[in-house]
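User: I should like to learn how to read the relation between two copies of a chain and the surface through which they meet. Could we work through one model together?

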2 protein chains.
Amino acid sequence: MRNSQVEISQIQHSPLQPLSYRSVQINDAFWSPRVQIVLNQTIPYQYEQCEETGRLEAFKLNWKPGMDKQPHFFWDSDVAKWLEAASYSLGLQADPELDQLVDNVIDLIVSAQQPDGYLNTYFTVVEPEKRWLDLRDGHELYCAGHLIEAAVAHYEATGKRKLLDAMIRYVDHIDSLFGDEPGKKRGYCGHEEIELALVKLYRLTGEERFLRLSTFFINERGQTPNYYDLEAAERGTPNLFDEHNGRVGIHDVKIHTQSHLPVREQTEAVGHAVRAMYLYAGMADLAAENGDASLTEACQRLWHNVTAKRMYVTGGVGTSSHNEGFTRDYDLPNESAYCETCAAIGLMLWGHRMLALDCNARYSDTIERALYNGIISGMSLDGKAFFYDNPLASNGDKHRKEWFGCSCCPPNIARLLTSLGSYIYSSDNRTAAVHLYVQSEGSFTLQSGEVSLRQETNYPWDSAVKLTVGTASDISFALKLRIPGWCPQARIFVNGTEWPAEEWQLVNGYAVIDRVWSDSDVIHLDLAMPIRRAYSHPNVHANAGRVALTRGPLVYCIEQTDHEADVAVIGLPGDAKLQSRHDASLLGGVTVLEGSAVAMEQGDWQDDLYRSEPPAWRNEPFTAIPYYAWDNREDGSMRVWILEA
Amino acid sequence: MRNSQVEISQIQHSPLQPLSYRSVQINDAFWSPRVQIVLNQTIPYQYEQCEETGRLEAFKLNWKPGMDKQPHFFWDSDVAKWLEAASYSLGLQADPELDQLVDNVIDLIVSAQQPDGYLNTYFTVVEPEKRWLDLRDGHELYCAGHLIEAAVAHYEATGKRKLLDAMIRYVDHIDSLFGDEPGKKRGYCGHEEIELALVKLYRLTGEERFLRLSTFFINERGQTPNYYDLEAAERGTPNLFDEHNGRVGIHDVKIHTQSHLPVREQTEAVGHAVRAMYLYAGMADLAAENGDASLTEACQRLWHNVTAKRMYVTGGVGTSSHNEGFTRDYDLPNESAYCETCAAIGLMLWGHRMLALDCNARYSDTIERALYNGIISGMSLDGKAFFYDNPLASNGDKHRKEWFGCSCCPPNIARLLTSLGSYIYSSDNRTAAVHLYVQSEGSFTLQSGEVSLRQETNYPWDSAVKLTVGTASDISFALKLRIPGWCPQARIFVNGTEWPAEEWQLVNGYAVIDRVWSDSDVIHLDLAMPIRRAYSHPNVHANAGRVALTRGPLVYCIEQTDHEADVAVIGLPGDAKLQSRHDASLLGGVTVLEGSAVAMEQGDWQDDLYRSEPPAWRNEPFTAIPYYAWDNREDGSMRVWILEA
């Protein structure tokens with residue numbers, strides 16, 4: 001085994017790289033309270049859950065057949081995601097108590113590592129004879145991937161190497177088993193994750209072998225003969241899922257795991273949505289690192305397929321609960337929408353990597369769409385309850401649940417929000433780009449020196465953004481400001497003087513102001529934020545004759561509690577006048593949309609179920625709230641797509 | 001055991017009783033070809049299927065564990081429904097070959113009868129130890145019920161008593177086991193059917209004990225403690241369905257079997273739809289026979305619930321494939337509509353019995369709605385393929401199937417169409433009522449003499465109905481003619497002279513002409529048959545903003561093959577002018593509805609999935625065909641409920 005004491009070096013990547021969350025201080029009225037909830041509540045609670053359910057105990061490897069709390073082959077990943085979020089928390093603010101807790105968990109994890117470097121509780125104590133024999137369902141490489149992400153996050157936050165070194169030993173063990181060299185397994189994980197994790201490890205360490213291993217997994221995926229057929233034939237026993245859940249025949253497992261075709265031949269997002277998003281994110285990482293144009297093109301084709309044909313207006317992806325995944329183009333029903341919170345997070349992770357390949361607002365607009373709608377809808381305003389699936393219509397029987405067990409979505413929200421800073425800015429040698437409007441300060445290291453950008457804004461409620469440059473001396477760089485796709489008119493003022501639109505360059509959705517900047521230069525960005533109607537492509541049959549409302553990045557919905565008429569029969573006339581009004585006391589402070597709509601009369605129907613006279617309409621006061629805030633008051637129906645009367 | 005050689009007597013029932021199908025000669029351009037298909041094709045094919053699958057062989061009782069073709073506890077009922085349809089066929093036309101075949105099948109069935117009268121293949125050879133121990137799932141009384149119906153039909157058609165006597169022996173055996181006397185089981189079947197069958201047997205034989213047994217089953221149903229709990233506790237083994245299908249917990253089985261409440265306390269149609277319809281039909285029979293007002297009221301409440309809140313516009317009932325049954329009020333989604341063909345037939349069976357309690361067009365209108373739409377949609381125009389479920393929208397992947405095995409719907413259509421004559425007319429001492437407009441001749445025995453009514457009509461395409469009275473001498477009676485609920489204006493001419501509307505009595509939807517009739521008197525009935533729009537109650541969320549088209553009794557749909565634009569995005573303007581045109585060459589001859597509609601433009605969307613401009617509309621020629629005829633041409637989408645543009 002090679003020496004795992006790897007040197008850490010920063011290496012140079014493709015054009016625009018995100019600032020680390022540690023280079024960004026967020027102090028935002030919208031986001032900071034959400035991050036605080038995660039720090040103060042979600043992370044401690046999730047630790048307790050991991051402890052109570054036996055997920056931590058599992059690393060002691062004491063479990064024996066017949067005992068309670070049998071480890072599940074997902075469990076290690078839940079602890080890993082908690083550890084990743086806790087590490088970001090330590091990166092944001094010192095917390096000696098949490099630091100100690102994390103160290104203890106790391107000690108426990110590392111104690112479970114086998115002499116050969118192997119580290120997986122399930123396949124050490126429950127079914128050791130199946131180690132590496134069921135890559136399709138066993139989630140071994142998936143769990144390894146999350147542990148790698150946790151190790152990288154912990155090292156970056158604390159400088160401590162214990163978990164990192166253990167994971168490097170584990171990766172070296174994996175590397176000794178998998179690859180296209182003779183005698184190695186040509187396999188890859190049924191649930192993608194390790195691919196992007198290995199790129200993180202490579203970026204931290206500069207060790208090419210991690211990049212090569214990730215590249216191998218991506219290149220091998222979907223080759224013929226299919227590895228999952230080979231391993232099943234060799235193993236001769238049922239796959240774990242088939243055995244445990246009787247899932248045989250429910251899915252086409254090759255579609256489900258995106259292993260139906262080599263990745264460069266894939267043109268449609270298929271199968272399990274979280275797996276797909278993590279795969280595409282890994283592909284985008286490798287496209288950047290390897291300068292691989294064919295992989296970039298595959299990513300672009302898949303991005304187009306998702307965002308032009310398979311994405312809800314909330315940024316949710318994955319239509320069906322049946323496969324937790326994709327179905328077919330334009331199949332976007334509302335009440336049964338699955339839209340797993342983790343899949344919207346996955347879309348954001350992927351978009352973030354596409355943005356590093358190509359600074360194009362098509363990616364950052366989608367990141368924003370998912371973040372402000374389909375992701376944060378996953379958590380209640382008090383941070384105590386979660387949606388796994390995020391439908392766009394409800395008849396009142398859908399509610400967030402307190403999470404039992406360390407399941408996937410709550411810790412995924414936790415690790416996203418604690419690292420939110422890394423999604424706001426990016427830079428190259430002489431560019432500072434602003435992708436998201438969040439009150440914060442970002443510190444950039446450009447070729448010509450250090451620059452800071454301080455954002456002040458009340459986004460997403462207000463359209464005004466003030467940016468203040470901080471620099472020790474005058475410095476020339478290009479400032480790129482995203483002009484959101486939802487914004488019909490943007491104005492930019494530099495030091496109080498309007499920067500005429502004809503002098504901007506609008507490049508791929510970004511206003512570029514390339515000039516010599518001085519300390520305390522102020523840029524005002526005024527993004528017109530009207531209430532807008534959204535219509536779906538006619539192929540989205542579920543939304544025919546329906547309209548959604550948006551304002552800025554937010555998608556709105558109507559909830560029963562604000563209406564007398566059943567929200568299902570409220571119609572919005574094409575010419576209805578709507579106003580926005582900020583209500584600081586409502587739902588933690590939201591801007592509501594108000595006006596007058598109509599609703600179908602019910603009183604004149606008597607006992608008719610069908611009749612030849614059309615329904616009569618009466619006036620109905622209308623209030624819409626941001627979608628993310630739904631189901632935080634009394635029970636009731638909800639609709640995003642409203643009848644257009 | 002009592003002597004089963006029961007005397008056959010005709011007994012007098014409640015006010016208006018249907019003519020037997022044997023008193024009605026149908027010679028109708030719409031219906032006769034369908035009946036011929038059943039006679040020439042469905043009945044022979046179904047016999048082959050029963051033979052090939054082992055259903056007939058099963059009555060030889062030779063099956064042993066380990067052998068192929070293990071009898072299923074449904075099987076006897078499939079043979080019974082075939083036998084019932086074949087008997088009606090013999091009642092319609094002599095057919096010595098079929099007569100012999102039926103005799104052979106009856107010999108086979110009767111040979112399986114046990115010394116104590118018991119007659120069930122599954123519980124004789126497969127699980128004899130469970131005989132009568134699993135009424136909830138075992139279908140023993142259900143199979144018995146279908147055999148009783150077959151026996152009655154066979155006796156009435158041929159005068160042969162072999163099956164009838166065997167079934168009377170079986171019923172006497174059942175009667176010795178079930179009842180509220182000490183020592184008897186207080187059970188009832190999980191799938192209702194025997195209740196209405198026993199009333200048929202009572203009506204044929206006049207034997208009160210059959211009526212009492214039926215009354216016991218109905219009265220006992222849903223009492224506390226619930227019998228299914230008692231039998232499960234006593235048996236101590238899983239129910240058959242739980243054991244065979246892993247169905248534990250899928251359904252509330254008491255709701256599923258309508259045994260959650262005593263029948264007189266039931267106010268909502270719940271559970272498995274076919275079971276519910278057969279139960280309510282049996283309740284209506286007993287309400288009539290026993291003059292039981294509380295049962296009549298329960299039937300009326302349930303009828304109201306179904307037809308005012310839980311019935312599709314096609315007469316389909318049972319929303320969900322999950323339970324093959326009812327869900328909640330107004331839950332009537334289109335694409336996922338289950339609407340089992342058998343359940344629509346069950347609604348017709350129930351309505352037929354309600355009509356005998358109360359000659360009210362609310363029942364006959366619904367019979368007509370189900371018959372012309374949700375029932376005959378179940379069979380392809382060539383009679384070779386069948387729908388079990390009849391959705392009201394399809395994206396092109398739903399097609400009728402040739403029936404494999406003798407499953408429930410095809411033979412149910414067969415027995416319905418071969419006995420269709422019994423749904424057209426009814427009478428009491430001095431009334432002849434016409435419920436359905438079908439070219440036919442009905443023979444009535446009134447108190448004052450014999451009368452015939454000859455109907456000539458091209459219904460459902462034309463609105464003109466000519467009725468000719470046949471009588472040996474002048475005779476006074478009341479002629480009741482249903483004025484359909486869909487008809488905005490009806491005119492009646494007697495011997496060429498308009499019978500002024502103010503001189504009719506319109507009683508419960510029937511025009512009553514009470515006078516002295518002479519031979520060859522001619523009544524012309526002119527039912528205005530405009531194209532009408534149908535709208536759903538606002539609580540039917542699936543149809544908000546949508547319209548359906550009807551003409552006469554027919555509900556229409558649009559099919560992809562008639563349109564260039566996707567039918568899902570065709571909109572019908574509120575003021576669109578539509579014309580009807582009969583096309584004798586299309587779909588066996590149908591009247592189509594034509595005109596000009598609009599369709600959403602797709603070309604101007606490029607890659608937008610969402611946008612702020614509403615979809616543009618372009619003109620689209622519009623053609624609608626009768627719903628029953630859909631999926632008889634090339635594959636494609638279909639919609640009953642069309643966007644109203």
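User: Through which surface do the copies meet, as judged from the interface residues of chain B and chain A?

Analyst: One asks whether the interface residues of one copy recur in the other. In this predicted model, 100% of the interface residues of chain B are also interface residues in chain A, so the copies meet through the same surface. The contact involves 45 residues of chain B and 45 residues of chain A.

User: What rotation and shift superpose chain B on chain A?

Analyst: Two copies of a chain are related by a rotation about an axis and a shift along it. Here the rotation is 180° and the shift along the axis is 0.0 Å, with an RMSD of 0.0 Å. That is the relation of a two-fold axis. The residue of chain B that comes closest to this axis is G545(B), whose C-alpha lies at 3.6 Å.

User: How much area do chain B and chain A bury between them, and which residues of chain B lose the most?

Analyst: The area is read first as a total and then by residue. The two chains bury about 3300 Å² between them, and 58% of it is on carbon and sulfur atoms. On the side of chain B, Y535(B), L609(B) and Y610(B) lose the most area to chain A, together 24% of what that side buries.

User: How many salt bridges and polar contacts does the rule find across the interface?

Analyst: The two kinds of interaction are counted separately. Zero salt bridges are found between chain B and chain A, whereas 17 residue pairs are in polar contact, both residues being at pLDDT 80 or more. The side of chain B that touches chain A comprises 21 nonpolar, ten polar and 14 charged residues.

User: Which elements of chain B supply at least two residues of that side?

Analyst: They are α14 (293–309), β15 (531–536) and β21 (610–611) of chain B. Of the contributions to this side, that of β15(B) is the most, with five residues.

User: In which sense do β15 of chain A and β21(B) pair?

Analyst: Strand pairing is read from the bridges and their direction. Strand β15 (residues 531–536) of chain A pairs with β21(B) in the antiparallel sense over two bridges. Within β21(B), Y610(B) is the bridge partner of S536(A).

User: Which strands of chain B pair with β14(B)?

Analyst: Strand β8 (residues 464–471) of chain B pairs antiparallel with β14(B) over five bridges, and K466(B) has H524(B) as its bridge partner there. Strand β10 (residues 490–494) of chain B is likewise joined to β14(B) by five bridges and runs antiparallel to it; V494(B) stands opposite I523(B).

Methods:
Residues numbered from 1 in each chain as written. Chains lettered and ligands numbered in written order. Predicted model: local features only at pLDDT ≥ 70, side-chain atom pairs only at ≥ 80, totals over all residues. Heavy atoms only, no water. Least-squares fit on C-alpha atoms with pLDDT ≥ 70 in both. Contact = heavy atoms within 4.5 Å. Buried area = accessible area lost by both parts, 1.4 Å probe. Salt bridge = Lys/Arg side-chain N within 4 Å of Asp/Glu carboxyl O. Polar contact = N/O pair within 3.5 Å; in protein donor to acceptor, adjacent residues only side chain to side chain. Helix = DSSP H or I, 4+ residues; strand = E, 2+ residues; numbered from the N terminus. Nonpolar A, V, L, I, M, F, W, Y, C, P; charged D, E, K, R; others polar. Pairing = 2+ DSSP bridges.
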